[in-house]
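Trainee: I'm new to this one. Could you walk me through it, a piece at a time?

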Amino acid sequence: MRTSIKAGIIGAVAIGAVIVAAAPASAATAPTPDRLGGTLVVASGSAYTPLTGGAIGVGVGTPTSLAAATAAGTHFTIPAVGTTGPVVVAGTSCIVSGPFRVSLDACGVNAAAQSFTTVRNADGSLALRPSGNASTLDITLGVDGRKLVLAPAGSVAQSIVAANLTPSTEQVPGSGGSSAGASLENVFAINTGDGAIIGGKTEGGATVTVSVNGVVVGSQTLSAGQSNIGLVVPVAEGDTSALVSVTTRDGRTASTTVAL
């Protein structure tokens, strides 16, 4: 049974990419990325708002101090920074992103819509960006008053306190720890000086995300008949590696790190 939560309207924007035909013959397939666990507290200036809830729904608490918000918040697990996966509430259910709302459902019922990418903001806080649909242009999960919403970055409070979250080995409910990962092969990066060409091969219809230093710098959603990864991402002096993650339409994931 799905419980709806009030949410902001999401705008969909298509992401373009450069297709790369050739790739070196080195293969890399990684297991499901690690996760983070703890209370989700959203910061807005000097006010801190806890997210609360369980199997029935997710609520937004009263803005208060960081200590009080942390004590009042519910335990969540989320994908590690730069990776993609579900947001699990109280170890029982998963948040679902939709075009006009946020809802809660059994984990795995709608795996693509339960897929979020964790990104690190410039101030060190975290944000959760839905990655299982077309709304990937800075649309993130946040708090607007006493509502949990999906909205354009910066329009509502979306700064999740990173200090409350630590590495977690908790399994996503229903996964049993045995779900097959996505196919991710022959991943490579060609550094062009002020950018990098990322190539490789994955499954048709998958969404590819590239992160550098925990910040998402590019993404590409393949068509159903396309398997070659090809996108150009910006890099800065001192950047030495990038994390390439993929999420299939049915929610399976894989990631690997490539040198820049």
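What follows is a chat about sheets, cores, a disulfide and a few single residues in this predicted model.

Trainee: Let's begin with the open sheet of four strands. Which strands stand at its edges?

Mentor: The order across this sheet is β20-β19-β22-β23, and the pairing is antiparallel. A strand with a single partner has one side left without a neighbour in the sheet, so look for the strands with just one partner. Those are β20 (215-221) and β23 (253-259).

Trainee: And by how many degrees are neighbouring strands of this sheet turned against each other on average?

Mentor: Direction is ignored for this value, and it is an average over neighbouring strands of the sheet. The answer is 20°.

Trainee: Which residue in β20 is the bridge partner of V208?

Mentor: Start with the two strands: β19 and β20 pair in the antiparallel sense over six bridges. V208 has its bridge partner in β20, and that residue is Q220.

Trainee: Is T207 buried or exposed?

Mentor: T207 belongs to strand β19 (residues 207-212). Its relative accessible area is 11%, and the cut-off for buried is under 20%. So T207 counts as buried.

Trainee: Which side chain does the side chain of T207 join in a polar contact?

Mentor: Leaving aside neighbours within four places in sequence, T207 is in contact with S131, Q220, T221, S245, V246 and T247. The polar contact between side chains is 3.2 Å, and the partner of T207 in it is T221.

Trainee: What about S211: which residue has its backbone oxygen 3.4 Å from a polar atom of that side chain?

Mentor: S211 is also placed in strand β19, and it counts as buried because its relative accessibility is 3%. Beyond four places in sequence, its contacts are G82, V216, V217, A242 and L243. The backbone oxygen in question belongs to G82.

Trainee: Now the open sheet of three strands. Which strands are at the edges there?

Mentor: Here the order is β17-β18-β21, again with antiparallel pairing. The edge strands each have a single partner strand, so one side of each has no neighbour in the sheet. They are β17 (185-191) and β21 (228-234).

Trainee: Which residue in β21 stands opposite G200?

Mentor: Strand β18 (residues 195-201) and β21 run antiparallel, joined by seven bridges. Opposite G200, in β21, is I229.

Trainee: On to the nonpolar cores. Which element gives the largest share of the largest core?

Mentor: That core has 25 residues, and L40, F76, I78, I95, L128 and L148 touch the most other members. Elements giving two or more residues to it include β6 (75-79), β12 (126-130), β13 (139-144) and β14 (147-152). The largest share is three residues, and it comes from β13.

Trainee: How many residues are in the second, separate core?

Mentor: Among its members are A182, I229, V233 and V246. We met I229 opposite G200, and V246 among the contacts of T207. The second core has 17 residues.

Trainee: How many residues apart are the two cysteines of the disulfide?

Mentor: The structure holds one disulfide, joining C94 to C107 with an S to S distance of 2.0 Å. C94 sits in strand β9 (residues 93-97), while C107 is in the loop between β10 and β11 (116-120). That puts them 13 residues apart.

Trainee: Is that link right-handed or left-handed?

Mentor: Both C94 and C107 are buried. Look at the turn about the S-S bond, which is 95°. The link is right-handed.

Trainee: How many of the five residues of β11 are buried?

Mentor: β11 pairs antiparallel with strand β7 (residues 84-85) over two bridges, and G85 stands opposite F116. Five bridges also join β11 to β12, again antiparallel, with V119 opposite A127. β11 is mostly covered, and its count of buried residues is four.

Trainee: Last one: how far apart in space are P86 and R35, C-alpha to C-alpha?

Mentor: P86 is in the loop between β7 and β8 (88-89). Its contacts beyond four places in sequence include R35, I78 and C94. P86 and R35 are 51 residues apart in sequence, and their C-alpha distance is 9.6 Å.

Technical notes. Residues are numbered from 1 along each chain as its sequence is written. This is a predicted model: local features need pLDDT of at least 70, side-chain atom pairs count only at pLDDT 80 or more; totals for chains, interfaces and linings use all residues. Side-chain values use heavy atoms; hydrogens and water are left out. Buried means under 20% relative accessible area, exposed over 50%, partly exposed in between (1.4 Å probe, protein chains only). A polar contact is a pair of N or O atoms within 3.5 Å; within protein, one must be able to donate a hydrogen and the other to accept it, and residues adjacent in sequence count only if both atoms are side-chain atoms. Contact means heavy atoms within 4.5 Å. Two strands pair if DSSP finds at least two bridges between them. Axes are lines fitted to C-alpha atoms, for helices over the stretch in contact, and angles run from 0 to 180 degrees between N-to-C directions. A nonpolar core is a set of buried Ala, Val, Leu, Ile, Met, Phe, Trp, Tyr and Cys residues joined through side-chain atoms within 4.5 Å. A disulfide is a pair of cysteine sulfur atoms within 2.5 Å.
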